[in-house]
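Colleague: Please take a close look at one part of this model for me, the surroundings of one ligand, and then place that part within the rest. Plain words will do.

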Amino acid sequence: MNTPLIFNIQRFSIHDGGGIRTIVFFKGCPLHCPWCSNPEGISTKPQLIRNNNRCIQCSAEDAYHCTNTPDNCPVNALTCCGQEYTVDQLVKEIASDQIIYDEDNGGVTFSGGEPFLFPEFLEQLLSRIRPWTNSIAVETCGNVPFENIEKALPYVDLYLYDLKIMDEEKFRDVCGGNLSIVISNLENLVSLHKNVIPRIPLIPTFTDDVENIDRIAQLSLKLGLKQVHLLPFHQMGSGKYENMGMPYTLSELRPFTDDQISAVVSRLESGGLQVITGGF
Amino acid sequence: MTTLNRFQILKQQLLSTRREISFERARYYTESWKTTEGQPNIIRRAKALQHVLANIEISIRAGEILAGNRTVKPRSGIASPEMSPYWIRDEIDSLYCRPQDSFYVLPEDKEFFLKELYPYWAERSLKDLIEPRLTPPVRESIETRIVSINQTDKGQGHIIPDFEKLLNLGLDGIISEIDVFENRNGQNNFYQAARICLSALQDHIGRYIHLLDNLIAQEADPARKQELVRMKLASQSIQHERPNSFFEAAQLLWYFNIALQMESNASSISTGRFDQWMLPFFQKDVAAGVSIDEIKDTLRMLWIKMNDVVLLRSRESAKYFAGFPTGYTIMLGGLTPDGFGANNELSWLILDTYDDIRLPQPNLGVRMNERLSRDFVARAAETIKLGTGVPHVFNDEVIMPGLLARGISLKDARDYAIVGCVEISVPGKMYGLHDIAMFNSPRLLELALQKHASEIASYDQLITLVEKEIEDNVALMVDGSNQVDTAHGQLAHIPLLSTLMHGCLESGKDVVEGGTRYNFSGVQGIGFQNLADSLEVIRLLVFEEKQLSLTEFVKILKNNWQGSEKLRQQCINKYPKYGNDIDSVDLLAARLLSKYNECCETYKNVRGGIFSPGSYTVSANIPLGEQVGATADGRMAQEQLADGGLSPMVGRDTHGPTAVLKSVSKLDHYQTTNGSLLNIKFHPNAFKGDIGTRKFVDFLIGWMRLKIQHIQFNIISRETLIDAQKHPDKYRDLVVRVAGYSALFVDLNVKTQNDIIARTEHN
Ligand code: SF4
Ligand code: SF4
């Protein structure tokens, strides 16, 4: 079985999915979007993160030059990203807030990275938590074999499904993905499950052109979907690139103004879609 | 005057005036005391109150629609040198420039105090009665700062009178009740004193009627004239008889409260379940066609009045109770006597009118339970989201079983309410001495380590030592508390208040003599979070990893981590901390707090009750922290302790608010029957809009199911607070949550402000 590393378990998330949720982040993604706000979720391997803001220079001039291990760093400026969990251990973590997220549509969200890179592990986990978990959501980029998605079908309440760049070539060049797989998976999924919501990262010059937005709207409407989520670009993840020693190419981009965002929202709405900005 | 405008003006008047001290009460109290020498103290106290109520200057301020002011100038402090003249003498020059709760003293008042009041009360005060009673070991425990004993220099307060009885019987009705019991039991000093107080109050109301007469005669504005006439008629109506309307009930309630303030000048004579016993008056008025707006105005006026009463405390005491937690604490919701959800229309109106006024008082709380309607919980959440920290929320699902286990009857447990900040009490039936002592557990560990480090060979041995020290010091705390209790029983009678306490008339005894039904002494265990965090570090660092010896470690702590910053950081970041849902350390905190609780509850107090443990700090985590050197959890010497009583140490909770709830829930909340306190801070974005409110309700339901006693919220951004610190003038009316109560941010000293800013903010 392909066992994932987990790079974060975020409790009390109130911005992704309904209610109060615990989010489990799987490490490893088939894509590499330059705006990714969880770049630590791209590689499946463990990685060292150097958070220089925390460094107290106890053994080196800064965290980037430090040769200590995470264990020896007194302030956790050095941390190892990606931890192994057994299904049992993860079940226990998810259960710890169950009493709190039990209300209305709170629950668990699997995110990443890409949870469907680990179909057997995910299936085992889902079958364990299903009996007592209110709502189970999965965030996916859709760029995986459909059988990976299919395995989880009986357990999942809600899919948050990324639609980014709707041009085959551009999508491949920018994110390294295959658009026809993403679209055919979405079609299949919608035919089998009633709760799928497209998520659109709104990124200047990458996804925000009118044509791209219209294509997403058309596809959604064609599939009978009623709601989309719009996630406007922000620079919040940029520090992580530096900490991981990864190049970040979007530092020049400016976030959208409220007016620009409303323009996109109206465009989507005019076609008959309900738009939620920033998720739930 | 439009009605909201009226209350904004009255509010501004409160906020903009310089606080002064009025020595009037002290003057008349002393005058009377001098003439009653040789008489029983309870009679002397009653006569002193009578003299005060007969002579103190009274006023109706412009725009007021309810009569009754404790002082003529807004928000003045009043002194009670009969409790202790000493701290006033020592601090009279610094009162105006002290960092917390400053007051201005007029030069002539200062002279009057030093020449007349001080020389008379020196050697005669409550303090003089208490001091010689404290044995050397108790003194030592106080001097080493493990135990602090409160109310040695002021009245006890911390009680909820049976206002329902007041409103149902009226003043004459209570007097007749005294007659009945006097006939049955024979005359005694208590009955006599109670009668003096009640008729003194009636005469005091008579003075207001007279004043209103004069004002009416002078008033040119017909609209205002009508308001004054209404006040006069209401005062006449309730001077003897029971009230007939919501307005009259409010008027009687307020007059009685003013007299209670004059009687003891004590903190937290709390209001209780206002939405329950005012409901019949509300319903009757509504049926009679009184408009909701008129009722709202009465409520708004009461809320303003409750902020007019601020308590003058000593410098030290003001640190512990920073920013005037006067304690007009009102509980909404809860259960009916038959066990159904008890929110009603009036509960909603109270929140609505609170939203209009937004001041620290009344300190509203909601009693939450499985049967309380969710729409009311959502309504309460809306008010909490305004950011003033009001209302805070109490959990019937754990508090009631705790009370039942203490021998409180089922009906009384269903009727519990909160005194002051978070103290759990039964209205009209409990004298709980809720704030008699505090127990500084990190200080206890510090001293134990300094004395015994070299003898301790194992972690188990260390825990045994800590548990033994807890036992020994609880015994001393109990002894000290009982001495104070005894002295109050001799010199701090409150016969007026006692008339509204079940059992007092029946037994013919004042509450301070043990006259009422339930008698507890409430003692707070403080800093068990720091204690557990520190012991966990020692367990791992010293005994498991053997990185250094215990004596070496204690030496580093003694030097306040000097030259050991790396180790300090390691202690902060590398070992489990309470507040992150990690069993090893959470269960250790639970074990030690339970140890403390179980020690306390084995002791009896002098009124036949037991010691009831609690865990809350008010704002004392700062002064108590000043008394503790560096601790093994990475805390520097003199830094604050963990706030609240249950909250994690600032900055140590890194796993979000649900992990905090989980950690807190591992403590035994059935045991802390005196009350406990949990602070949580959210950024305003966290619960924005209707969906946010819904998530907030979810969070509260989760909290309730986890059987945690209490929770309060600061929903205000760090940026706002920092800006308010820089520009106090822009934020004169910014109300924030301190600990079990809210205060005006500008009324807090910089340390307390910083403490609030530093609390972990969840988003
Ligand atoms: S698909 Fe999502 S997780 Fe993967 S790289 Fe793109 S943004 Fe990041
Ligand atoms: S160990 Fe940590 S704190 Fe010390 S120099 Fe290295 S990165 Fe900085």
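Modeller: Around ligand 2 there are 14 residues, and the closest of them are A:Cys55, A:Cys58, A:Cys66, A:Asn68 and A:Cys73. Sorted by class, this shell holds 11 nonpolar residues and 3 polar ones, with no charged residue. Keep in mind that the model is predicted. The predictor's confidence in chain A averages a pLDDT of 93, and 99% of its residues score at least 70. Within the elements of chain A the mean pLDDT runs from 86 in helix H2 (residues 98-101), the lowest, to 98 in helix H6 (residues 179-192), the highest. Where pLDDT is low, predicted coordinates should not be read in detail.

The other ligand makes a useful comparison. Ligand 1 is surrounded by A:Cys29, A:Leu31, A:His32, A:Cys33, A:Cys36, A:Ile42, A:Gly113, A:Cys141 and A:Lys164. The shell of ligand 1 divides into 6 nonpolar, 2 polar and 1 charged residues, whereas the shell of ligand 2 has no charged residue. One member of the ligand 1 shell, A:Gly113, sits in the loop that joins strand S6 to helix H3 (119-129) of chain A. The peptide bond leading into A:Gly113 from A:Gly112 is cis, with omega near 15 degrees.

Strand S6 leads on to the sheet of chain A. This is an open sheet of 9 strands with mixed pairing, in the order S5-S1-S2-S6-S7-S8-S9-S10-S11. Its edges are strand S5 (83-84) and strand S11 (274-277), each of which pairs on one side only. Inside the sheet, strand S7 (residues 135-140) and strand S8 (residues 158-162) of chain A are parallel and share 4 bridges. On this pair of strands, A:Glu139 stands opposite A:Leu160 of S8. Helix H1 (residues 87-95) of chain A lies across four of the strands, namely S1 (5-13), S2 (21-27), S5 and S6 (107-111), and it runs at about 15 degrees to S1.

Next comes the contact with the second chain. Chain A and chain B bury about 2200 Å² between them, and 57% of that is on carbon and sulfur atoms. A:Phe12, A:Ile100 and A:Glu103 supply 28% of the area that chain A buries against chain B, more than any other three residues. Each side is counted separately: 26 residues come from chain A and 26 residues from chain B. The model as a whole scores ipTM 0.90 and pTM 0.92.

Chain B averages a pLDDT of 92, with 97% of its residues at 70 or above. A few local details in chain B can be checked on the display. The peptide bond from B:Val390 to B:Pro391 is cis, with omega near -5 degrees, and B:Pro391 belongs to the loop between helix H17 (374-384) and strand S6 (392-395) of chain B. B:Arg75 is not a glycine, yet it has a positive phi of about 50 degrees; its place is the loop between helix H3 (41-55) and strand S2 (77-78) of chain B. B:Arg371 is found in the loop between strand S5 (363-368) and H17 of chain B. Apart from its neighbours within four places in sequence, B:Arg371 is in contact with B:Gly339, B:Phe340 and B:Gly341. Its C-alpha atom is separated by 56 Å from that of B:Glu37, 334 residues apart along the chain.

Notes:
Residues are numbered from 1 along each chain as its sequence is written. Chains are lettered from A and ligands numbered from 1 in the order in which they are written. This is a predicted model: local features need pLDDT of at least 70, side-chain atom pairs count only at pLDDT 80 or more; totals for chains, interfaces and linings use all residues. Side-chain values use heavy atoms; hydrogens and water are left out. Two strands pair if DSSP finds at least two bridges between them. Helices (H or I, at least four residues) and strands (E, at least two) are DSSP runs, numbered from the N terminus. Contact means heavy atoms within 4.5 Å. Axes are lines fitted to C-alpha atoms, for helices over the stretch in contact, and angles run from 0 to 180 degrees between N-to-C directions. A residue is near a molecule or strand if one of its heavy atoms lies within 4 Å of it. Ala, Val, Leu, Ile, Met, Phe, Trp, Tyr, Cys and Pro count as nonpolar, Asp, Glu, Lys and Arg as charged, and the others, Gly among them, as polar. pLDDT is the predictor's confidence in each residue, from 0 to 100. Buried area is the accessible area (1.4 Å probe) that two parts lose on being put together, summed over both.
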